[in-house]
Amino acid sequence: MKIKSFVVGIAGANLYLITNEKTKETIAIDPGGNLKKIDDYIEENGLILKAILLTHGHFDHIMGIEEMKKHGEVPVYIAEPDLELLEDGDKNLSTMFVNEGFIYQGATSLQDGAIIKEAGFTLELIETPGHTEGSSCYYLKEEGVLFSGDTLFRASVGRTDLVGGSDKIGPSIKEKLFVLPDETVVYPGHGGATTIGYEKKNNPYV
């Protein structure tokens, strides 16, 4: 597995490409914006897009969906509670930055614990409400990797004062993420990578 990250959009969100190096099949996580260098990277490396996974429905994690789908008409997955954000420009906050807002319809909704098998990888969707009601993480157990969206950051957590935010974020992290192995590498929606073990010892917000 190869993980390539790009910082995109006005909020500096992380877009991840997870690639099976044997087959070149690739999963995109949180395409919040598009840069020419992303298109160039996909084309230069002969990557085959298989799926788009969303950790939640806020604008800075979704506004590059259509551009990403130019590389393949692939399924878009999101946890069921955040479908309403994806389909409403006011709720996903895009109307604050784009006059007409941004919406995406046609995503496949998933429930907590759903298993996604794409590009030769097995990912588990772990719902972690708090940043939004449908905020979720994607866990690759075999690879020891977690994509945490805006739930868990390095030494921080996602804000809870936006649409769908709540005080559920603390229990979500402690009961669903801190039970994972300490060595699990965490790739967040903003900022640099961390590990579950580091956050258990050092995160002042949990």
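Okay, let's start with the lining of the largest pocket: sorted by class, it has 8 nonpolar, 4 polar and 3 charged residues. Before I go further, please keep in mind that this is a predicted model. The space in that pocket comes to about 210 Å³. Of the 15 residues lining it, Ala11, Phe59, Asp60, Arg159 and Leu162 are the closest to the centre. Hang on to Arg159 and Leu162, they'll come back in a minute.

Next, the second largest pocket. Here we have about 150 Å³ of space. By class, its lining has 5 nonpolar, 2 polar and 4 charged residues. If you want to click through them, the lining includes Ile115, Gly120 and the run Phe121, Thr122, Leu123 and Glu124. Further along the chain, Tyr139, Leu140, Lys141, Glu142 and Glu143 line it too. Which strand gives the most to this lining? That's β8, with 4 residues. Strand β9, residues 136-140, also supplies at least two, as does β8, which spans 121-127.

Now look at the loop between β8 and β9, since that's where His131 sits. Is His131 buried or exposed? It counts as buried, because its relative accessibility is 3% and the cut-off for buried is under 20%. So what does the side chain do in there? For one thing, it makes a polar contact with the side chain of Asp150, at 3.3 Å. For another, a polar atom of the His131 side chain lies 2.7 Å from the backbone oxygen of Arg159. That's the Arg159 from the list of residues closest to the centre of the largest pocket.

The wider set of contacts around His131 is worth a look as well. Leaving aside neighbours within four places in sequence, His131 touches two other histidines, His56 and His58. It is also in contact with Asp150, and with Gly158, Arg159, Leu162, Val163, Gly164, Gly165 and Ile169. And there's Leu162 again, another of the residues closest to the centre of the largest pocket.

Let's switch to the strands. Pull up β5, residues 76-79. Both of its faces are covered: Val76 and Ile78 are buried on one side, and Tyr77 and Ala79 are buried on the other. What does β5 pair with? On one hand there's β4, residues 48-53, running parallel to β5 and joined to it by 2 bridges. If you'd like a pair to find on screen, the bridge partner of Leu53 in β5 is Tyr77. On the other hand there's β6, residues 108-110, again parallel, with 3 bridges to β5. There, Ile78 stands opposite Ser109 in β6.

Last item: backbone angles. Two residues have a positive phi without being glycines. One is Lys24, with a phi of about 70°. You'll find Lys24 in the loop between β2, residues 13-19, and β3, residues 25-29. Lys24 counts as partly exposed, because its relative accessible area is 34%.

The other is Leu93, with a positive phi of about 75°. Leu93 is in the loop between α3, residues 83-86, and β6, the strand we just met as a partner of β5. How does Leu93 count, buried or exposed? At 12% relative accessibility, Leu93 counts as buried, whereas Lys24 is partly exposed.

That's my tour. If you open the model afterwards, I'd start from His131, with Asp150 and the Arg159 backbone oxygen beside its side chain on screen.

Notes: Residues numbered from 1 in each chain as written. Predicted model: local features only at pLDDT ≥ 70, side-chain atom pairs only at ≥ 80, totals over all residues. Heavy atoms only, no water. 1 Å grid on protein atoms, 1.4 Å probe; cavity = no way out; pocket = protein on both sides within 12 Å on 5 of 7 lines; lining within 4 Å. Points joined across faces, edges and corners; volume = space filled by probe spheres on them. Nonpolar A, V, L, I, M, F, W, Y, C, P; charged D, E, K, R; others polar. Buried < 20%, exposed > 50% of the residue type's maximum accessible area, 1.4 Å probe, protein only. Polar contact = N/O pair within 3.5 Å; in protein donor to acceptor, adjacent residues only side chain to side chain. Contact = heavy atoms within 4.5 Å. Pairing = 2+ DSSP bridges.
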